[in-house]
Amino acid sequence: MLELYQFEFSQFSEKVRLILDYKELEYRTIEVTPGVGQLEVLKISGQRQVPVLKDGSTVISDSTAIAQYLDRQYPEKPIIPTEPRQRGLCLMMEEWADESIGVKSRKALYGGLSQDQSFRTAVLPNPIPDFVKTLVGAVPKELFQVLGYGVGASPEEIQAAQDSLKQDLEALSLILVDHPYLVCDRPTLADLAVAGLSILIKFPEGNYLNIPESLQGKGIPGLADNPSYQPFFEWRDRLYSSIRQSKSTPASSNSPTSIEIE
């Protein structure tokens, strides 16, 4: 069985989960504990980042490399078009999504985390004990903002990321007005990348992530609740409902499993 080493709230892990679900491949997720758990990832892949996909003796890191491997190895329901123009648009849009939505939404999220205690604790990785989540939630807004400077999330950088994301979401909403998908008449890697990478802007409606039900459909103020971008988020939620495996599915093989290091 395919094994996906992941963080639950890694956008790039979610991108791969969408691809696996779209291709209807059986897999299990292995939730990596930040720090010590990444030693296991290093041991099998030679680097510490997730996602990492293990297919028998084959190990692939990086979400784009994983997507390309899955399309070669499991060609049913292809996600990268063969027609030259569509293929070019698909690959270009996936790269844009990685570098734009993938990077800027993490900074914009930091601004949302500093404002909302419940939002802050909900996105902590699953293996983090409850008492640690309580401590993180109790950090004062002012101190949280100061800490942001150390991780490249100053108020100015957060604002710049949010402003840039507004343009991205407007563009995506306009593209999708009269089209069911971003590139052609079926989902491609571009759609799955954009949808998966946007989870930190607004959590999808439905039981797809390990978050409280009250946070489903919630996200960064000013982005997630802006009616101008609802065409995009409605499109994304329709995509999720038709592709993404729900965590409530009986006998699902997708339940996160913590790594035990000997």
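## Strand E1 and its partners

In this predicted model, Gln6 of strand E1 has Glu31 of strand E2 as its bridge partner. The two strands, E1 (residues 2–6) and E2 (residues 27–31), pair in the parallel sense over 5 bridges. Between E1 and E2 the chain passes through helix H1, and this β-α-β crossover is right-handed.

E1 also pairs with strand E3 (residues 52–55), here in the antiparallel sense and over 3 bridges. In this pairing, Glu3 stands opposite Lys54 of E3.

## Burial of E1

In a regular strand, side chains alternate between the two faces of the sheet. In E1, Leu2, Leu4 and Gln6 point one way, while Glu3 and Tyr5 point the other way. Residues on both sides are buried. Because 5 of the 5 residues of E1 are buried, the strand is largely enclosed by the rest of the structure.

## Packing of H1 against H3

Helix H1 (residues 11–22) packs with helix H3 (residues 63–73) at an angle of about 10°, and their axes are 9 Å apart. Angles under 35 degrees count as roughly parallel, so H1 is roughly parallel to H3.

H1 contributes Phe12, Lys15, Val16, Ile19 and Leu20 to the contact. From H3 come Ser63, Thr64, Ile66, Ala67 and Leu70. Sorted by class, the residues in the contact of H1 with H3 are 7 nonpolar, 2 polar and 1 charged.

How values were computed:
Residues numbered from 1 in each chain as written. Predicted model: local features only at pLDDT ≥ 70, side-chain atom pairs only at ≥ 80, totals over all residues. Heavy atoms only, no water. Axes fitted to C-alpha atoms, helices over the stretch in contact; angles between N-to-C directions. Helix = DSSP H or I, 4+ residues; strand = E, 2+ residues; numbered from the N terminus. Parallel < 35°, antiparallel > 145°, perpendicular 65-115°, else oblique. Contact = heavy atoms within 4.5 Å. Nonpolar A, V, L, I, M, F, W, Y, C, P; charged D, E, K, R; others polar. Buried < 20%, exposed > 50% of the residue type's maximum accessible area, 1.4 Å probe, protein only. Pairing = 2+ DSSP bridges. Right-handed = clockwise from strand over helix to strand, strands pointing away.
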